[in-house]
Amino acid sequence: TKIDYDIYTLGTSIVKFNLPMEFIDSINKAYDENSENLKPYNDYLAGKIADEKLVDEILTDEMQESFLWCFQEYLNIIDYQIRYQPVLTKPWINEMKSGEYNPIHYHLSADIDIGLSSVLMLKRPDWYGGEASREEAPTNGWLEFTGGDQATLSKSQTRYDAQVGEFYVFPFTLLHAVYPFNSTAEVRRTLSYNCNLIRQEK
């Protein structure tokens, strides 16, 4: 007998959008052509990463509209579209190299307490290097999210081997990190965009 089922999960939602490769290629091309002239953003970020740069000036209006659509769609998915209006703030690119990492952290805004952040995978190594132990449970280069519920039968951590084109959207307050990798000269390039959520008047 076949039994159908639905899954209902309490707590924070992470939504993964799969963006087209033409979009990814356009961002990578713009970054490659302008990276030397972009402003460093290290002083405002948690990452232990040498190359972290603001990229608002290289994103076209069309690119920004695509990101804004994803943030709006996140609100639609979690059924909060009536309460908040998404407003884009700062986008930046992390160019992570072997041995670098992003420690566990959450995001803040100077203007508001409620918002969304994101991670878009733009480029990644073919291999993240050897694991120090337990090859069957890899973490090198993986993106991890950590929640606050440690109750029995709940899930407090989830980890993703993010692929090029995957765009993860989540609230400011959700703790997240990226593990270091090794044994390669290839880079792990991601774009993150913050988005303030403005309370809409009834």
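**Group meeting: sheet, helices and salt bridges**

Okay, let me start with one side chain: Lys97 has a relative accessible area of 29%, so it counts as partly exposed. Keep in mind that this is a predicted model. Lys97 makes a salt bridge to Glu100, with the closest N and O atoms 3.9 Å apart. That sits just inside the rule, because a salt bridge needs the nitrogen within 4 Å of the carboxyl oxygen. Glu100, for its part, is buried, at 13% relative accessible area.

By that rule, the count comes to nine salt bridges. Let me show you a couple more. Arg134 and Glu136 form one, with 3.1 Å between the closest N and O atoms. Here Glu136 is exposed at 60% relative accessibility, and Arg134 is exposed too, with 55%.

Then there's Arg159 with Glu144, where the closest N and O atoms are 2.6 Å apart. This pair links distant parts of the chain: Arg159 sits in strand S7 (residues 157-160) and Glu144 in strand S6, 15 residues apart. So, buried or exposed, what is Glu144? Glu144 is buried, at 6% relative accessibility, while Arg159 is partly exposed, with a relative accessible area of 33%. And Asp32, Glu95 and Arg189 are joined into one network by salt bridges that share partners.

Now the sheet. Picture six strands in an open sheet, ordered S1-S8-S5-S10-S3-S2, with antiparallel pairing. Which strands stand at the edges? Those are S1 (15-18) and S2 (51-54); each has a single partner strand, so one side of each has no neighbour in the sheet. On average, neighbouring strands here are turned by 25 degrees against each other, direction ignored.

At the S1 edge, four bridges join S1 to S8 (residues 166-171), and Phe17 has Phe167 as its bridge partner in S8. Helix H1 (residues 21-34) packs on the sheet, touching S2, S3, S5 and S10, and its direction makes about 85 degrees with that of S5. Helix H2 (residues 61-77) packs on the sheet as well, touching S1, S3, S5, S8 and S10, at about 120 degrees to the direction of S3.

Last stop, strand S9. S9 pairs antiparallel with S4 (residues 102-105) over two bridges, and with S6 (residues 143-146) over four. Look at His176 in S9: His105 stands opposite it, and His176 is also the bridge partner of Phe145. Leu175 lies in S9 too, and is partly exposed at 31% relative accessibility. Together with Ile104, Tyr106 and Leu108, Leu175 makes a nonpolar surface patch of about 420 Å².

Terms used:
Residues are numbered from 1 along each chain as its sequence is written. This is a predicted model: local features need pLDDT of at least 70, side-chain atom pairs count only at pLDDT 80 or more; totals for chains, interfaces and linings use all residues. Side-chain values use heavy atoms; hydrogens and water are left out. Patches are made of residues with over 30% relative accessible area and no salt bridge: like charges are joined within 9 Å, nonpolar side chains (Val, Leu, Ile, Met, Phe, Trp, Tyr) within 5 Å. Accessible areas come from the Shrake-Rupley method with a 1.4 Å probe; for residues, only the protein chains shown count as cover. A salt bridge is a side-chain nitrogen of Lys or Arg within 4 Å of a carboxyl oxygen of Asp or Glu. Buried means under 20% relative accessible area, exposed over 50%, partly exposed in between (1.4 Å probe, protein chains only). Two strands pair if DSSP finds at least two bridges between them. Axes are lines fitted to C-alpha atoms, for helices over the stretch in contact, and angles run from 0 to 180 degrees between N-to-C directions. Contact means heavy atoms within 4.5 Å.
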